Amino acid sequence: MRTAFISHPDCLLHECSPYHPESPARLQAIEDELLACGLMPQLERHLAPLAALQQLQRVHAPGYIKMLEAASLRASATGGAYLDPDTAMNRHSMKAALRAAGAVVLATDLVVQKKTDNAFCSIRPPGHHAQRSQAMGFCFINNVAVGVAHALEAHKLERVAVADFDVHHGNGTEDIFRDDARVMMVSTFQHPFYPYQGLEKRSDRMVNIPLPAGAGGELFRAAVREFWLPALERFRPQMLFVSAGFDAHRDDDLSSLNLVEEDYAWVTRIIREVASRFAGDRVVSVLEGGYHLKALGRSVAAHLQALNAP
(Lines give C-alpha, C1' and ligand atoms only; values in the text may rest on other atoms or scores of the structure.)
Protein backbone atom coordinates (compact mmCIF):
# COMPACT_ATOMS: atom_id res chain seq x y z
CA MET A 1 0.00 0.00 0.00
CA ARG A 2 1.12 3.54 -0.73
CA THR A 3 1.04 6.59 1.51
CA ALA A 4 -2.22 8.51 1.10
CA PHE A 5 -1.79 12.19 0.15
CA ILE A 6 -4.88 14.17 1.09
CA SER A 7 -5.55 17.78 0.13
CA HIS A 8 -8.19 19.96 -1.56
CA PRO A 9 -8.18 23.03 -3.82
CA ASP A 10 -10.33 24.87 -1.26
CA CYS A 11 -7.27 25.00 1.00
CA LEU A 12 -5.65 27.36 -1.53
CA LEU A 13 -8.47 29.91 -1.25
CA HIS A 14 -7.84 30.93 2.37
CA GLU A 15 -5.60 33.99 2.53
CA CYS A 16 -4.91 36.34 5.41
CA SER A 17 -3.19 39.05 3.35
CA PRO A 18 -0.92 39.17 0.29
CA TYR A 19 2.17 39.35 2.51
CA HIS A 20 1.22 36.83 5.20
CA PRO A 21 3.71 33.95 5.53
CA GLU A 22 0.90 31.37 5.86
CA SER A 23 0.03 31.63 2.18
CA PRO A 24 -1.45 29.41 -0.55
CA ALA A 25 2.03 29.22 -2.07
CA ARG A 26 2.99 26.79 0.70
CA LEU A 27 0.84 23.99 -0.71
CA GLN A 28 1.90 24.82 -4.24
CA ALA A 29 5.57 24.58 -3.22
CA ILE A 30 4.95 21.12 -1.75
CA GLU A 31 3.24 19.85 -4.89
CA ASP A 32 5.95 21.32 -7.13
CA GLU A 33 8.72 19.58 -5.18
CA LEU A 34 6.91 16.24 -5.04
CA LEU A 35 6.44 16.36 -8.81
CA ALA A 36 10.02 17.45 -9.43
CA CYS A 37 11.50 14.67 -7.34
CA GLY A 38 9.21 12.02 -8.83
CA LEU A 39 7.48 11.18 -5.55
CA MET A 40 3.95 12.34 -6.35
CA PRO A 41 3.10 9.40 -8.68
CA GLN A 42 4.02 7.04 -5.83
CA LEU A 43 1.36 8.51 -3.53
CA GLU A 44 -2.35 7.75 -3.45
CA ARG A 45 -4.20 11.05 -3.85
CA HIS A 46 -7.50 11.81 -2.12
CA LEU A 47 -9.68 14.92 -1.95
CA ALA A 48 -10.49 16.08 1.57
CA PRO A 49 -14.16 16.08 2.58
CA LEU A 50 -15.70 18.79 4.75
CA ALA A 51 -15.51 17.98 8.45
CA ALA A 52 -18.89 17.51 10.13
CA LEU A 53 -20.09 19.61 13.05
CA GLN A 54 -20.09 16.57 15.34
CA GLN A 55 -16.42 15.95 14.53
CA LEU A 56 -15.50 19.54 15.43
CA GLN A 57 -17.50 19.49 18.66
CA ARG A 58 -15.42 16.61 20.00
CA VAL A 59 -12.55 19.08 20.48
CA HIS A 60 -14.04 22.59 20.27
CA ALA A 61 -16.73 24.25 22.36
CA PRO A 62 -20.04 24.80 20.53
CA GLY A 63 -19.89 28.52 21.26
CA TYR A 64 -16.45 28.74 19.68
CA ILE A 65 -17.66 27.08 16.47
CA LYS A 66 -20.56 29.55 16.33
CA MET A 67 -18.05 32.39 16.74
CA LEU A 68 -16.03 31.07 13.78
CA GLU A 69 -19.19 30.89 11.68
CA ALA A 70 -20.09 34.46 12.62
CA ALA A 71 -16.56 35.64 11.78
CA SER A 72 -16.83 33.89 8.42
CA LEU A 73 -20.04 35.80 7.68
CA ARG A 74 -18.32 39.07 8.61
CA ALA A 75 -15.39 38.20 6.36
CA SER A 76 -17.79 37.52 3.49
CA ALA A 77 -19.55 40.85 4.02
CA THR A 78 -16.51 43.06 4.62
CA GLY A 79 -13.65 41.28 2.85
CA GLY A 80 -11.92 40.03 5.99
CA ALA A 81 -12.12 39.43 9.73
CA TYR A 82 -9.27 39.25 12.26
CA LEU A 83 -9.54 36.83 15.19
CA ASP A 84 -6.20 37.93 16.61
CA PRO A 85 -3.34 40.06 15.18
CA ASP A 86 -1.89 37.03 13.34
CA THR A 87 -5.05 35.14 12.43
CA ALA A 88 -7.39 36.49 9.76
CA MET A 89 -10.21 35.06 7.67
CA ASN A 90 -11.43 35.80 4.18
CA ARG A 91 -14.71 34.55 2.75
CA HIS A 92 -13.16 31.19 1.88
CA SER A 93 -11.37 30.54 5.16
CA MET A 94 -14.07 28.58 6.95
CA LYS A 95 -14.49 26.16 4.07
CA ALA A 96 -10.70 25.73 3.87
CA ALA A 97 -10.59 25.02 7.61
CA LEU A 98 -13.38 22.46 7.29
CA ARG A 99 -11.50 20.77 4.43
CA ALA A 100 -8.31 20.73 6.52
CA ALA A 101 -10.05 19.06 9.45
CA GLY A 102 -11.94 16.74 7.11
CA ALA A 103 -8.67 15.64 5.55
CA VAL A 104 -7.47 14.35 8.91
CA VAL A 105 -10.76 12.54 9.53
CA LEU A 106 -10.46 10.83 6.14
CA ALA A 107 -6.81 9.99 6.80
CA THR A 108 -7.76 8.44 10.14
CA ASP A 109 -10.45 6.31 8.52
CA LEU A 110 -8.13 5.13 5.74
CA VAL A 111 -5.37 4.16 8.14
CA VAL A 112 -7.54 2.51 10.81
CA GLN A 113 -9.45 0.58 8.17
CA LYS A 114 -6.12 -0.58 6.68
CA LYS A 115 -6.84 0.94 3.29
CA THR A 116 -3.39 2.54 3.52
CA ASP A 117 -0.48 2.18 5.92
CA ASN A 118 -0.13 5.88 6.61
CA ALA A 119 -1.24 9.26 5.32
CA PHE A 120 -0.08 12.86 4.90
CA CYS A 121 -2.54 15.76 4.95
CA SER A 122 -1.27 18.65 2.82
CA ILE A 123 -3.65 21.23 4.20
CA ARG A 124 -4.04 24.76 5.42
CA PRO A 125 -4.89 26.64 7.53
CA PRO A 126 -2.75 24.85 10.12
CA GLY A 127 -4.26 23.86 13.45
CA HIS A 128 -2.08 23.02 16.43
CA HIS A 129 -2.40 26.45 18.12
CA ALA A 130 -6.22 26.38 18.04
CA GLN A 131 -7.45 25.78 21.58
CA ARG A 132 -10.81 24.46 22.63
CA SER A 133 -12.31 27.97 22.60
CA GLN A 134 -9.69 30.21 21.00
CA ALA A 135 -8.14 30.79 17.57
CA MET A 136 -4.53 31.90 17.43
CA GLY A 137 -1.25 31.55 15.57
CA PHE A 138 -2.79 31.23 12.06
CA CYS A 139 -5.05 28.41 13.35
CA PHE A 140 -8.87 28.14 13.51
CA ILE A 141 -9.65 24.43 13.94
CA ASN A 142 -7.22 22.03 15.58
CA ASN A 143 -6.93 19.58 12.71
CA VAL A 144 -4.76 16.99 14.42
CA ALA A 145 -6.99 17.07 17.50
CA VAL A 146 -10.06 16.41 15.33
CA GLY A 147 -8.29 13.34 13.94
CA VAL A 148 -7.21 12.09 17.36
CA ALA A 149 -10.74 12.46 18.74
CA HIS A 150 -12.13 10.66 15.68
CA ALA A 151 -9.76 7.75 16.29
CA LEU A 152 -10.84 7.59 19.94
CA GLU A 153 -14.58 8.07 19.52
CA ALA A 154 -15.45 6.65 16.10
CA HIS A 155 -12.87 3.85 16.02
CA LYS A 156 -12.76 3.16 19.78
CA LEU A 157 -8.97 3.25 20.11
CA GLU A 158 -7.80 3.48 23.71
CA ARG A 159 -4.37 5.15 23.42
CA VAL A 160 -3.32 7.68 20.77
CA ALA A 161 -0.13 9.74 20.64
CA VAL A 162 0.72 13.02 18.91
CA ALA A 163 4.32 13.81 17.92
CA ASP A 164 4.78 17.54 17.23
CA PHE A 165 8.10 18.82 15.81
CA ASP A 166 6.88 22.26 14.71
CA VAL A 167 9.17 25.07 15.89
CA HIS A 168 6.26 26.47 17.94
CA HIS A 169 4.75 24.57 20.85
CA GLY A 170 1.39 22.97 20.02
CA ASN A 171 -0.40 24.71 22.85
CA GLY A 172 -3.84 24.09 21.37
CA THR A 173 -3.36 20.34 21.21
CA GLU A 174 -2.17 20.36 24.81
CA ASP A 175 -5.13 22.51 25.89
CA ILE A 176 -7.58 20.03 24.35
CA PHE A 177 -6.00 16.78 25.61
CA ARG A 178 -4.16 17.72 28.80
CA ASP A 179 -6.74 15.95 30.98
CA ASP A 180 -7.49 13.04 28.64
CA ALA A 181 -5.64 9.94 29.82
CA ARG A 182 -6.09 8.34 26.39
CA VAL A 183 -3.79 10.85 24.68
CA MET A 184 -0.04 11.46 24.89
CA MET A 185 1.73 14.40 23.25
CA VAL A 186 5.48 14.47 22.68
CA SER A 187 6.93 17.65 21.26
CA THR A 188 10.02 19.74 20.62
CA PHE A 189 9.95 23.49 20.07
CA GLN A 190 12.11 26.59 20.28
CA HIS A 191 12.01 28.26 23.69
CA PRO A 192 11.51 31.03 24.62
CA PHE A 193 9.35 31.61 21.57
CA TYR A 194 5.72 32.02 20.51
CA PRO A 195 3.28 30.98 22.02
CA TYR A 196 5.45 31.12 25.18
CA GLN A 197 3.90 27.98 26.62
CA GLY A 198 4.78 24.33 27.01
CA LEU A 199 6.81 24.20 30.22
CA GLU A 200 4.40 25.12 32.99
CA LYS A 201 1.99 22.19 32.60
CA ARG A 202 4.26 19.26 31.81
CA SER A 203 3.07 15.82 32.83
CA ASP A 204 3.81 12.19 32.11
CA ARG A 205 1.56 12.49 29.04
CA MET A 206 2.57 15.97 27.88
CA VAL A 207 6.26 15.51 27.14
CA ASN A 208 7.31 18.94 25.89
CA ILE A 209 11.03 19.39 25.27
CA PRO A 210 12.25 22.98 24.72
CA LEU A 211 15.22 23.65 22.45
CA PRO A 212 17.31 26.84 22.63
CA ALA A 213 17.70 29.20 19.69
CA GLY A 214 20.49 27.93 17.46
CA ALA A 215 19.87 24.25 18.23
CA GLY A 216 20.31 21.88 15.32
CA GLY A 217 19.86 18.24 14.52
CA GLU A 218 22.09 16.92 17.29
CA LEU A 219 20.03 18.44 20.12
CA PHE A 220 16.75 17.63 18.36
CA ARG A 221 17.67 13.98 17.92
CA ALA A 222 18.88 13.74 21.51
CA ALA A 223 15.53 15.08 22.73
CA VAL A 224 13.66 12.49 20.69
CA ARG A 225 15.85 9.62 21.87
CA GLU A 226 16.03 10.64 25.55
CA PHE A 227 12.49 11.89 26.14
CA TRP A 228 10.08 10.97 23.36
CA LEU A 229 11.00 7.33 22.97
CA PRO A 230 10.86 6.26 26.64
CA ALA A 231 7.50 8.04 27.04
CA LEU A 232 6.04 6.43 23.93
CA GLU A 233 7.31 3.00 24.97
CA ARG A 234 5.55 3.37 28.34
CA PHE A 235 2.35 4.59 26.72
CA ARG A 236 2.24 2.01 23.90
CA PRO A 237 0.06 4.06 21.52
CA GLN A 238 -2.33 2.27 19.20
CA MET A 239 -2.00 5.05 16.61
CA LEU A 240 0.34 7.99 16.05
CA PHE A 241 -0.48 11.41 14.68
CA VAL A 242 2.22 13.87 13.60
CA SER A 243 1.92 17.64 13.80
CA ALA A 244 4.43 18.07 10.99
CA GLY A 245 5.71 21.62 11.11
CA PHE A 246 8.83 22.32 9.05
CA ASP A 247 9.55 25.83 10.34
CA ALA A 248 12.47 24.63 12.50
CA HIS A 249 14.45 24.37 9.23
CA ARG A 250 17.65 26.41 9.20
CA ASP A 251 16.44 28.41 6.15
CA ASP A 252 13.13 29.45 7.74
CA ASP A 253 13.21 33.12 8.74
CA LEU A 254 10.38 32.76 11.27
CA SER A 255 12.56 30.79 13.71
CA SER A 256 16.09 30.22 14.94
CA LEU A 257 16.50 26.45 14.91
CA ASN A 258 18.72 24.71 12.39
CA LEU A 259 17.12 21.45 11.34
CA VAL A 260 17.64 20.13 7.81
CA GLU A 261 15.81 17.70 5.57
CA GLU A 262 17.59 14.63 6.90
CA ASP A 263 16.48 15.48 10.45
CA TYR A 264 12.86 15.33 9.29
CA ALA A 265 13.47 12.05 7.48
CA TRP A 266 15.18 10.65 10.59
CA VAL A 267 12.37 11.55 12.99
CA THR A 268 9.82 10.16 10.52
CA ARG A 269 11.66 6.84 10.53
CA ILE A 270 11.68 6.88 14.34
CA ILE A 271 7.91 7.53 14.43
CA ARG A 272 7.34 4.69 11.98
CA GLU A 273 9.43 2.35 14.14
CA VAL A 274 7.28 3.18 17.17
CA ALA A 275 4.13 2.67 15.08
CA SER A 276 5.46 -0.68 13.87
CA ARG A 277 6.06 -1.86 17.44
CA PHE A 278 2.85 -0.73 19.06
CA ALA A 279 0.34 0.67 16.57
CA GLY A 280 0.09 -1.69 13.63
CA ASP A 281 2.03 0.84 11.48
CA ARG A 282 -0.79 3.41 11.83
CA VAL A 283 0.52 6.96 11.25
CA VAL A 284 -1.33 10.10 10.14
CA SER A 285 0.82 13.18 9.47
CA VAL A 286 -0.71 16.65 9.33
CA LEU A 287 0.98 19.74 7.90
CA GLU A 288 1.48 22.58 10.37
CA GLY A 289 4.12 25.29 9.84
CA GLY A 290 6.96 25.85 7.37
CA TYR A 291 7.30 29.19 5.61
CA HIS A 292 10.46 29.14 3.49
CA LEU A 293 8.90 27.72 0.37
CA LYS A 294 11.85 25.80 -1.07
CA ALA A 295 12.87 24.42 2.33
CA LEU A 296 9.26 23.45 3.00
CA GLY A 297 8.98 21.56 -0.27
CA ARG A 298 12.26 19.70 0.28
CA SER A 299 11.42 18.89 3.90
CA VAL A 300 7.98 17.51 3.08
CA ALA A 301 9.53 15.42 0.31
CA ALA A 302 12.04 13.95 2.79
CA HIS A 303 9.25 13.30 5.28
CA LEU A 304 7.10 11.58 2.64
CA GLN A 305 9.97 9.50 1.27
CA ALA A 306 10.46 8.15 4.79
CA LEU A 307 6.72 7.60 5.27
CA ASN A 308 6.35 5.86 1.92
CA ALA A 309 9.44 3.64 2.18
CA PRO A 310 8.83 -0.13 2.35
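Ser-72 is tucked away in this predicted model: its relative accessible area is just 11%, and because anything under 20% counts as buried, Ser-72 falls in the buried group. The residue sits in helix H3, which runs over residues 62–78. Leaving aside residues up to four places away in sequence, Ser-72 touches Met-89 and Met-94.

Zooming out to the whole chain, burial turns up again. Of the 310 residues, 62% count as buried, and Ser-72 is one of the buried residues. The accessible surface comes to about 11800 Å², and carbon and sulfur atoms account for 51% of that area.

As for the overall build, the secondary structure adds up to nine helices and 10 strands. The chain has a radius of gyration of 17 Å, close to the 19 Å that the globule rule gives for 310 residues, so it is as compact as a globular protein of that length. Taken along the principal axes, the box filled by the C-alpha atoms is roughly 50 × 40 × 40 Å.

Contacts within the chain often link residues far along the sequence from one another: counting pairs at least 6 apart in sequence, 74% of the contacts join residues at least 24 apart.

Then there is charge. The chain carries 31 positive side chains and 35 negative ones. The centres of these two sets lie 6 Å apart.

Key
Residues numbered from 1 in each chain as written. Predicted model: local features only at pLDDT ≥ 70, side-chain atom pairs only at ≥ 80, totals over all residues. Heavy atoms only, no water. Helix = DSSP H or I, 4+ residues; strand = E, 2+ residues; numbered from the N terminus. Rg over C-alpha atoms; globule rule 2.2 N^0.38 Å. Buried < 20%, exposed > 50% of the residue type's maximum accessible area, 1.4 Å probe, protein only. Contact = heavy atoms within 4.5 Å. Areas by Shrake-Rupley, 256 points an atom, 1.4 Å probe, with all protein chains shown as cover. Lys, Arg positive; Asp, Glu negative; His and termini not counted. Charge placed at Lys NZ, Arg CZ, Asp CG, Glu CD.
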